[in-house]
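Me: Hello! I am new to this structure and would like to get to know it step by step. Please show it to me.

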Amino acid sequence: MTWELADSTRFNSLFGPFLLRVEHGTARVRMTPRHLHSNLSGKMHGGALMSFVDMAIFAAARGFGLIEAGTAVTLDFSAQFIGRAELDEPVEARVELLRETGRLLFLRGLVVQPDGAAGDAPVLSFAATIRKPSAR
């Protein structure tokens, strides 16, 4: 499934479209970093990686059928950089739901850059908490 923001004037549109697949309890969210996501070393900027993950956890939560588009918010987000991400090659956030409560989603995951025969190169690990929107 493709996940893309309808309003191209929003910050999130700088990262899409995303490809989303949910299988075996894991949401796989993929994007391809471009030059505008780069740092001065010609790799994907760390801030761009964290922004991608923040959007990927919401795409995953929607893919799991737990939220709709709207007013859910990130309450907590931690990231550990493991490697670097090349430009013009897809990066993939693999998101796992740890627990859902009445208002909260606890998620964790790993961002990798698929590397063909060499396997997947880990780029960043993360944990996050989303607060679901209030009932209207």
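Me: Is His 24 buried or exposed?

Reply: A word on the model: it is predicted, with local features needing pLDDT of at least 70 and side-chain atom pairs counting only at pLDDT 80 or more, while totals for chains, interfaces and linings use all residues. Residues are numbered from 1 along each chain as its sequence is written, and side-chain values use heavy atoms, leaving out hydrogens and water. Buried means under 20% relative accessible area, exposed over 50%, and partly exposed in between, using a 1.4 Å probe and protein chains only. His 24 has a relative accessible area of 82%, so this residue is exposed.

Me: Where is the place of His 24?

Reply: The backbone here has a noteworthy angle: phi of His 24 is near 55°, a positive value in a residue other than glycine. Strands are DSSP runs of E with at least two residues, helices are runs of H or I with at least four, and both are numbered from the N terminus. By that numbering, His 24 sits in the loop between strand 2 and strand 3.

Me: And what is the relative accessible area of Asp 88?

Reply: Asp 88 is another non-glycine residue with a positive phi, of about 65°. Its place is in the loop between strand 4 (73-81) and strand 5. Asp 88 counts as exposed because its relative accessible area is 56%.

Me: In what order do the elements of the chain run from the N terminus on?

Reply: The chain has 1 helix and 7 strands. Written from the N terminus, their order is β-β-β-α-β-β-β-β.

Me: What is the radius of gyration of the chain?

Reply: This value is taken over C-alpha atoms, and the globule rule to set beside it is 2.2 Å times the number of residues to the power 0.38. For 136 residues that rule gives 14 Å, and the chain comes close to it, so it is as compact as a globular protein of that length, with a radius of gyration of 14 Å.

Me: Which element gives the most to the largest nonpolar core?

Reply: A nonpolar core is a set of buried Ala, Val, Leu, Ile, Met, Phe, Trp, Tyr and Cys residues joined through side-chain atoms within 4.5 Å. The largest one here has 33 residues, and Met 44, Phe 52 and Val 111 are among those with the most contacts inside it. At least two residues come from each of several elements, including strand 2 (18-23), helix 1 (46-63) and strand 7 (120-131). The most, 11 residues, comes from helix 1.

Me: Which residues does Ala 48 touch, not counting those up to four places away in sequence?

Reply: Ala 48 lies in helix 1 and counts as buried, since its relative accessibility is 9%. Contact means heavy atoms within 4.5 Å. Setting aside residues up to four places away in sequence, Ala 48 touches Phe 15 and His 37.

Me: How many Å separate the C-alpha atoms of Glu 96 and Ala 61?

Reply: Glu 96 is found in strand 5 and is partly exposed, with a relative accessible area of 32%. Beyond its neighbours within four places in sequence, Glu 96 is in contact with Gly 25, Phe 106, Leu 107 and Arg 108. Glu 96 and Ala 61 are 35 residues apart along the chain, and their C-alpha atoms are separated by 9.4 Å.
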